Amino acid sequence: MNEAKPFEIDKRLVYEAFKKVKSNKGSAGIDGIEMNTYEQNVGNNLYKLWNRMSSGSYYPKAVKLVEIPKSNGGTRPLGIPALEDRIAQMAVVMAINPSIDPLFHEDSYGYRPNKSAHDAVAKARERCMKYPWVLDMDISKFFDTINHELLMKAVCKHVEKKWMLLYIERWLKVPYQTKDGTMIERTMGVPQGSVIGPVLANLFLHYVFDKWMEKNYPNIPFERYADDTICHCWTEKQAQYLKSVLMGRFEECGLKLNEDKTKIVYCKDSNRKGNSENTSFDYLGFTYRPRGAKNKKTGQVFTAFLPAISKKSMMKIKTEIRSWNLLRRVQYSLKQIALNIAPQVRGWLNYYSMYGKTEIGRVMSYLNDKLVKFVKRKYKRFAGGRGKLTKAKLWLSKVASFDKNLFVHWTYGYVPYIKVN
C-alpha cells in the first residue's frame, strides 16, 4: 500500500456523495462556501478532498451553530457542517447504509430508505385501534446528549474500515462555532443538521431502545421515528410500569426521559368505557384523539381514535403564510402568486391531507382568506362588500370555478366557493 495514501477510498464514492449533497441543497457552513462557488472548480475541489481523506490528513471544520426558535419559547441547536464536510459524511453514509440499515427494527421509521413518517403515522393509527393505552415518550435533548463512548461501541460493531472510524470520531468531537466566533467544545451528542447524524442516532437508539424492547418486552409494539417514540399497551398499569423501567434504561445509557412531556394516554373510542387525564397525543405533526367518524356502509356515526394535523402544525403553517406578506406583493399576478407558493402548499397537503381532511381544510381556508385580501388590495373594484359575500370572494370563487388547477390547494378541493341563497 502507498504510505502516503494509507486508506483506499474510491474516487467515485466521493463524486456520488457530492451529487447527493448537491441534490439535498442546504446552507453554507462556517466557511461560507456555497454549492455554486464549490462547483466552479468542482473537479479540483473533489480531488483535494479525496486526497486528504485517503492520506488521513482530512480534518473537519467547526460546525456552524444556529439556534432555531421553538414553539415553547426556547431554542433548538442546529449544527451545519461546512459543504466539504457534508460531502465527506455523505460518502461514509452511502458506504455503510447498505449493511447497517437491514439490521434496524421494522418499526424504526426515521431517515431510512423505503420508510417514511407516513408509515409510522399509519401504523400508530392501526395500533391505537387495537391497544387502549399509549406511552408517549419524550427524550430530553436527545441529539445533544448521545454518549460518544457508547455510540462508538455500536459503530465499531458494524463499521470495519479504519478511515471511516477515524472520521466518524473526528466528526463527533469537532466543536461548534457560534455567530460571534466562540468555539464550544463537544464531548457528547451528534449535531442535528449533520449528514451522518441521523444514521448515528438511529444506530444508538437501535441498541438503547429497539433491541432492548425486542429482548425484554417483545409483546409491546412501538413506532420510533428518530427519537419520537410511542409504545402501545393493554392497560394503564402496564404503561406506567413500562415508563418506570424505560426511565432506568435510558439513564443507564446517558439519556433522560422528560417527565413533563412523557405521558400515558387513553385511546378512547365508542367501545372503550372509562376515562383518563390524557386522551390525546401528538406524533409527527398529527394529533391523535377521539373524533367523530361515520361507517360508510351503514351511515352509523361513532367515535374513533384518529389522527389529524396538530394545532402546533396548523400554527406553523399559518405563521408561514403570514410571512409571505401577500398584501405587499400586489405587483404580482394571481398566477405568479400561485406558482410562487405552490411547492410549499403541495408539501403541506401531501403530508397532512393523509388524515383529517377537515382539519387541514381549515388551514387552506385561512390561505383562501389571505388570497381574498390580496385580491381586495390589488383590484380596487373588488374592495366592497360585507361579511362573507365580499366582491373579492365572489370573484375568487368564480376564478376557482373556471380554473380549479390555478392553486395547488384548489386541486385538492379546498376552493373558495361560497353558497349564495
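1. Start with Lys316, which is exposed at a relative accessible area of 58%. This is a predicted model, by the way, and that goes for every point below. Lys316 sits in helix 10, which covers residues 311–323. It belongs to a positive surface patch together with Lys70, Arg76, Lys141, Lys261 and Lys312. If you are looking over the outside of the protein, those six names are the ones to highlight for this patch.

2. Next, the aromatics. The count comes to 27 aromatic pairs. Take Tyr217 and Tyr241 as one of them: their rings are edge-to-face, 6.3 Å centre to centre, with 70° between the planes. Tyr217 is in the loop between helix 8 (197–216) and strand 6 (222–225), while Tyr241 is in helix 9 (residues 236–252), so the contact ties together parts that are 24 residues apart in sequence.

3. Which of these two tyrosines is buried, and which is partly exposed? Tyr217 is the buried one, at 19% relative accessibility; the cut-off for that label is under 20%. Tyr241 has a relative accessible area of 47%, so it goes down as partly exposed.

4. There is also a ring cluster to look at. Phe7, Tyr58, Trp163, Tyr167 and Trp171 are linked into a cluster by ring pairs. Put those five side chains on screen together and you can follow the cluster for yourself.

5. On to charges: the model has 15 salt bridges. In one of them, the side chains of Asp31 and Lys61 meet at 3.8 Å, N to O. Asp31 is in the loop between helix 1 (11–24) and helix 2 (35–39), and Lys61 is in the loop between helix 3 (42–55) and strand 1 (63–69), so this bridge ties together parts that are 30 residues apart in sequence. Both ends are partly exposed: Asp31 has 28% relative accessibility, and Lys61 has a relative accessible area of 35%.

6. Arg249 and Glu252 make a local bridge, at 3.4 Å from N to O. Both residues lie in helix 9, 3 residues apart, or about one turn of the helix. What is the surface status of each partner? Arg249 counts as buried at 15% relative accessibility, whereas Glu252 counts as exposed at 62%.

7. Arg291 and Glu359 also form a salt bridge, with their closest N and O atoms 3.0 Å apart. This pair links distant parts of the chain: Arg291 is in strand 10 (residues 286–294) and Glu359 is in helix 12 (residues 357–378), 68 residues apart. Both partners are buried. Elsewhere, Arg12, Glu16 and Lys19 are joined into one network by salt bridges that share partners.

8. Finally, two backbone spots to check. Lys25 has a phi near 60°, a positive value in a residue other than glycine. Lys25 is in the loop between helix 1 and helix 2, and at 65% relative accessibility it counts as exposed. Leu284 is not a glycine either, yet its phi is positive at about 55°. Leu284 is in the loop between strand 9 (281–283) and strand 10. Is that leucine buried or exposed? With 14% relative accessibility, Leu284 counts as buried.

Definitions and conventions:
Residues numbered from 1 in each chain as written. Predicted model: local features only at pLDDT ≥ 70, side-chain atom pairs only at ≥ 80, totals over all residues. Heavy atoms only, no water. Patch = residues over 30% accessible without salt bridge, like charges linked within 9 Å, V, L, I, M, F, W, Y side chains within 5 Å. Areas by Shrake-Rupley, 256 points an atom, 1.4 Å probe, with all protein chains shown as cover. Salt bridge = Lys/Arg side-chain N within 4 Å of Asp/Glu carboxyl O. Lys, Arg positive; Asp, Glu negative; His and termini not counted. Charge placed at Lys NZ, Arg CZ, Asp CG, Glu CD. Helix = DSSP H or I, 4+ residues; strand = E, 2+ residues; numbered from the N terminus. Buried < 20%, exposed > 50% of the residue type's maximum accessible area, 1.4 Å probe, protein only. Phe/Tyr/Trp six-rings, centres within 6.5 Å; stacked < 30°, edge-to-face > 60°.
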